[in-house]
Amino acid sequence: MVEGLVIALVAVLCAGALYVASAARVIRQYERGVVLRLGRLRENVRLPGFTMVVPGIDRLRKVNMQIVTMPVPAQDGITRDNVTVRVDAVIYFKVVDPTNAVIAVEDYRFAVSQMAQTSLRSIIGKSDLDDLLSNREKLNQGLEVMIDSPAVSWGVQIDRVEIKDVSLPETMKRSMARQAEADRERRARVINADAELQASKKLAEAAGEMSAQPAALQLRLLQTVVAVAAEKNSTLVLPFPVELLRFLERAQQQPAVEEAGTGRTGLPSSVNGPTAQPPSSAGDGATMQPPSSEGNGATAQPPSSAGNGSPLPEAEVPLPDARPPEEPAVPQTATPPAASSSAERPFAHH
């Protein structure tokens, strides 16, 4: 009899242990439990810790309350300015209502992923390329609002959405690189021109100060010599004063101007004096005219050439050269013919 009681007690204990083992549940700190008894939702949400359910009648669903990091697959789209891009993102969300996460949606993770993909495509089509590259904060906020609106009814709260990468075509990358290079070059030229302008103004002020004090130029020259001599080299650069070069240039130009003036005004006496006319060649019917009997010392005129009786052209006067001649030309006068003899006089009377 006692043995039967012991066996029954052992059997009850084993059955109780099996029941407890099958009914006992442990909920972690970051989880919440939703119990469905015979398919109906129990209002009380099981908190973290040890809990019991009715085996075969209750069904416990554990819901993770941690923040979930879900990558959004890259989506191809065309921006508002007709540029083909490929954008991927990441979404951070968590469950705030475990009951709705179990009852309102079949799989809240899959639902949030699909909603994020469609919202990302929509935000790409509404934005420009510059906004995708530089104004991502605004796009992230807009994408978060688009996903969070339907997710609230699922018991899910969208913490934040971040656009990770924007992939551009190779042709667009090269065009943007050329644009950036041109902009950098323009800014560099503007900065260089501004620096030259400021330097020119400072140099003009320094020149004004040095012109007021001539000794400042000499001091500057000495400073330059000291600065050059401080270097340990075998070459010494000594600046040459510009004023000395100008003085030498003026001294060299002055004799040249005087020589040029002398060559224009000082003509030789042979040009101004009377020139000898050569005697005409003896032609048919030419007669020689005897010299005049007047004793005034005038030179005899050469006879005209035979034929038309026109006088010979005068000899061309040579123009003076730019340089003064070494020896002035001696004017040549025509030699008067000798006095005719008494025998020739009757012939002259004819």
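Guide: Buried means under 20% relative accessible area, exposed means over 50%, and partly exposed is whatever falls in between (1.4 Å probe, protein chains only). The model above is predicted: local features need pLDDT of at least 70, side-chain atom pairs count only at pLDDT 80 or more, and totals for chains, interfaces and linings use all residues. Residues are numbered from 1 along each chain as its sequence is written, and side-chain values use heavy atoms, with hydrogens and water left out.

Visitor: Why is D76 called partly exposed?

Guide: Its relative accessible area is 42%. That value lies between the limits of 20% and 50%, so the middle label applies.

Visitor: What makes D76 and R86 a salt bridge?

Guide: The term asks for a side-chain nitrogen of Lys or Arg within 4 Å of a carboxyl oxygen of Asp or Glu. For D76 and R86, the closest N and O atoms are 2.8 Å apart, so the pair meets the limit. D76 belongs to strand β6 (residues 68-78) and R86 to strand β7 (residues 84-95), so parts 10 residues apart in sequence are tied together. R86 is partly exposed, at 40% relative accessible area.

Visitor: How many salt bridges are there, and what are these α and β names?

Guide: The structure holds nine salt bridges. As for the names, helices (H or I, at least four residues) and strands (E, at least two) are DSSP runs, numbered from the N terminus. The protein has 10 helices and eight strands.

Visitor: How do you know that R37 and D58 form a salt bridge?

Guide: Their closest N and O atoms are 2.5 Å apart, and that is within 4 Å, so the name fits. R37 sits in strand β2 and D58 in strand β5, so the bridge ties together parts that are 21 residues apart in sequence.

Visitor: Is D58 buried or exposed?

Guide: D58 is buried: its relative accessibility is 8%, which is under 20%. R37, at 29%, counts as partly exposed.

Visitor: What links R80 to D128?

Guide: A salt bridge, with the closest N and O atoms 3.1 Å apart. The pair joins distant parts of the chain, 48 residues apart: R80 is in the loop between β6 and β7, and D128 in the loop between α3 (108-126) and α4 (129-134). R80 is exposed, because its 53% is over the 50% limit. D128, at 24% relative accessibility, counts as partly exposed. Elsewhere, D183, R186 and R187 are joined into one network by salt bridges that share partners.

Visitor: What makes β3 and β2 a pair of strands?

Guide: Two strands pair if DSSP finds at least two bridges between them. Strand β2 (residues 31-37) and β3 have two bridges, in the antiparallel sense, so they qualify. L36 has L41 in β3 as its bridge partner.

Visitor: Which strands does the open sheet contain?

Guide: Three strands, in the order β3-β2-β5, with antiparallel pairing. β3 (40-41) and β5 (58-64) are called edge strands, as each pairs on one side only.

Visitor: Where does D88 lie, and what does it touch?

Guide: D88 is in strand β7, and at 19% relative accessibility it counts as buried, because that is under 20%. Contact means heavy atoms within 4.5 Å. Leaving aside neighbours within four places in sequence, the contacts of D88 include V72, P73, L120 and I163.

Visitor: Why is V20 able to join a surface patch?

Guide: Patches take residues with over 30% relative accessible area and no salt bridge, joining like charges within 9 Å and nonpolar side chains (Val, Leu, Ile, Met, Phe, Trp, Tyr) within 5 Å. V20 has 40%, so it passes the area limit. Y19, V20, V26, F50 and M52 form a nonpolar patch with about 490 Å² of accessible area together. α1 (2-23) and β4 (49-52) are the elements giving two or more residues to that patch.

Visitor: Which elements have the lowest and highest confidence?

Guide: pLDDT is the predictor's confidence in each residue, from 0 to 100. Helix α9 (residues 269-272) has the lowest mean among the elements, 42, and β7 the highest, 92. Over residues 265-331 the pLDDT is below 50. The protein averages 75, and 70% of the residues score at least 70.

Conventions. Areas by Shrake-Rupley, 256 points an atom, 1.4 Å probe, with all protein chains shown as cover.
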